[in-house]
Amino acid sequence: MKALFIVDVQNDFCPGGALPVPEGDQVVPVINRLMDHFPLVLASKDWHPSETVHFQKWPPHCVQGTPGAEFHPALRADRIDQVFLKGTGNRDDGYSAFEATNENLAEYLRRHGVEELYVTGLATDYCVRATVLDALREGFRTYVVTDAVRAVNVSPGDGERALEEMRRAGAILVTSEELLSAQEAPQGASA
Ligand code: VGL
Ligand code: ZN
């Protein structure tokens, strides 16, 4: 069993948001196309309280219940089977989806027989990185879809370095094109 995992594709991480990731919105059509090819589609949301130590490092973003914390409007959110809320405390960053507090991600994956995780979303150098490294530690075969992620790049090259770090830790880097050509697309499945 394999699952598509969408990290933090939220308004505040897209152009015009409070903590915009360059080209953050460009992952949306790629992720939408991939959704039809997975039996299980999971997503995380960065979901911060209004006061948190996290906002000493970052401009306030993805505050619980605000429009900035909603999924990008073009993301086919109706296809998401389960959302994992992370960064919900006020004393830590909560970058990894494995730190979700509404639902335990590792247990959820084991309960659903998931062995392979295909990770997409924002941002390559923070929450994607932390989620992928935790997934590998938890023993899941973990793929990063390289054209379905974007980096903050606080320092130039952070995104590339994060990809290399994930690869060294055991992640498999693939493009959406490789995935879509590898598995025969069901006729008419991409609505
Ligand atoms: C993230 C910075 C701060 C992320 C979250 O989703 O990658 N980055 N909070
Ligand atoms: Zn955050």
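Trainee: What makes the approach of an oxygen atom of ligand 1 to the side chain of aspartate 8 a polar contact?

Mentor: In this predicted model, an oxygen atom of ligand 1 is 2.7 Å from an N or O atom in the side chain of aspartate 8, and a polar contact is a pair of N or O atoms within 3.5 Å, so the pair qualifies. Local features need pLDDT of at least 70, and side-chain atom pairs count only at pLDDT 80 or more.

Trainee: Which polar backbone atom does an oxygen atom of ligand 1 approach, and which side chain does a nitrogen atom of ligand 1 approach?

Mentor: An oxygen atom of ligand 1 is 3.0 Å from a polar backbone atom of cysteine 127, while a nitrogen atom of ligand 1 is 3.1 Å from an N or O atom in the side chain of histidine 61. The protein covers 100% of the 260 Å² of accessible area that ligand 1 has on its own (Shrake-Rupley method, 1.4 Å probe).

Trainee: Why are Asp46, His48, His54 and His61 called donors of the zinc ion (ligand 2)?

Mentor: Donors are N, O and S atoms within 2.8 Å of the metal (3.2 Å for Na, K and Ca), and Asp46 (OD), His48 (NE2), His54 (NE2) and His61 (NE2) lie 2.1 to 2.2 Å from the zinc ion, so they meet the definition. Along the chain, these donors follow the spacing D-x1-H-x5-H-x6-H.

Trainee: Are histidine 54 and histidine 61 buried or exposed?

Mentor: Both histidine 54 and histidine 61 are buried, which means under 20% relative accessible area, whereas exposed means over 50% and partly exposed lies in between (1.4 Å probe, protein chains only).

Notes: Residues are numbered from 1 along each chain as its sequence is written. Chains are lettered from A and ligands numbered from 1 in the order in which they are written. Side-chain values use heavy atoms; hydrogens and water are left out. A polar contact is a pair of N or O atoms within 3.5 Å; within protein, one must be able to donate a hydrogen and the other to accept it, and residues adjacent in sequence count only if both atoms are side-chain atoms.
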